[in-house]
Every structure is written in C-alpha cells, then in structure tokens.
Amino acid sequence: MGNVILDKSVDFAVRCVKFYNYLRDEKREYVMSKQMLRSGTSIGANISESQGSQSNPDFIAKLHISLKEAQETSYWLLVLYRSEIISETEYDSMNNDLKEIIALLISIIKSVKVNSK
C-alpha cells in the first residue's frame, strides 16, 4: 500500500502545473497563478521531505509547513475565483482536492502528537 498523503500531494502538484499552464496560456494570468503553482507544488515537496525526518517533532514541523502551503494555495485559488479568472467549477474541483489534503495533514499531525505522548 502506498503513502496516501504523498500520492495525493503529488497528484495535486501535477494538477497545479497543468492548471498554471492553462491559466498562463489561455487566461494570460501570470502573477497569482505562479503563486498558486509555487505553494501548490510545495505541499508535496514538504510531505516528501518529512519522510526523512529524524524525530516526531521534525516530522510534525515539516507537515505543518505543508499545511501552511496548502492554506496559501487555498487563498490563491479563492482570489483567482473571486477575480473571475477561473470558473466556479474549476475552483470547486481544485479546492475539493485541496480540502482533502488539508484534512489528511491535520489528521496525521494530530495522530502523531497523540501517539508521541
């Protein structure tokens, strides 16, 4: 069985890359889409980095960084939507995946904290 959170974050990063290319090429939006790309791909990078953590506190710290990047990505998606650059369907699709990643991160962080006591 694979690492669910890592797999979902990689899939989301790929979606972010494709979404960025679409926004850049079709919508001619460069600034917010680039911010979303950076934060959206950083989620998985930090989750991947957490796999080599030396301790539970180090692991939790890296997942907290992923969570912050996910929350930033959520912000940029909302701004793109409210600016009418992306449709409600596009927003909902990306945001639903992001909400799932956020929920998993929160659950993992809580579990590790409880099991560390």
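Begin by selecting helices H1 and H4, whose axes (lines fitted to C-alpha atoms over the stretch in contact, with angles from 0 to 180 degrees between N-to-C directions) come within 11 Å and cross at roughly 150°. H1 is therefore roughly antiparallel to H4, a term for angles over 145 degrees. Helices here are DSSP runs of H or I with at least four residues, numbered from the N terminus.

The model you are viewing is predicted, so local features need pLDDT of at least 70 and side-chain atom pairs count only at pLDDT 80 or more, while totals for chains, interfaces and linings use all residues. Residues are numbered from 1 along each chain as its sequence is written, and side-chain values use heavy atoms, with hydrogens and water left out.

**Where H1 meets H4**

Next, show the side chains where these two helices are in contact, meaning heavy atoms within 4.5 Å. On the H1 side the contact includes Val 4, Phe 12, Phe 19 and Tyr 22, and on the H4 side it includes Met 94, Leu 98, Ile 101 and Leu 105.

**Along H4**

Now select H4 alone, residues 88-116. Its 29 residues should span 42 Å at 1.5 Å a residue (the expected span being 1.5 Å times one less than the number of residues), and this agrees with its end C-alpha atoms, which are 41 Å apart. Among the buried residues of H4 (buried means under 20% relative accessible area, with a 1.4 Å probe and protein chains only) are Tyr 91, Asn 95, Ile 102, Ile 109 and Val 112. If you then display H1, H2 (31-50) and H3 together, you will have the helices against which the buried residues of H4 pack.

**Two stacked ring pairs**

Which rings should you select next? Aromatic rings of Phe, Tyr and Trp (its six-membered ring) pair when their centres lie within 6.5 Å, and planes under 30 degrees apart count as stacked, over 60 as edge-to-face and the rest as tilted; by this rule there are three aromatic pairs. Phe 19 and Tyr 22 are stacked, because their ring centres are 6.1 Å apart and their planes lie at 25°. Both residues belong to H1 (residues 4-26), where being three residues apart separates them by about one helical turn. Phe 19 is buried, at 9% relative accessible area, whereas Tyr 22, at 29%, is partly exposed, which covers values between buried and exposed, the latter being over 50%.

Finally, select Tyr 81 and Tyr 91, which are stacked because their ring centres are 5.0 Å apart and their planes lie at 20°. Tyr 81 sits in H3 (residues 56-82) and Tyr 91 in H4, so this pair ties together parts 10 residues apart in sequence. Tyr 81 is partly exposed at 27%, while Tyr 91 is buried at 13%.

Definitions and conventions
Helix = DSSP H or I, 4+ residues; strand = E, 2+ residues; numbered from the N terminus. Parallel < 35°, antiparallel > 145°, perpendicular 65-115°, else oblique.
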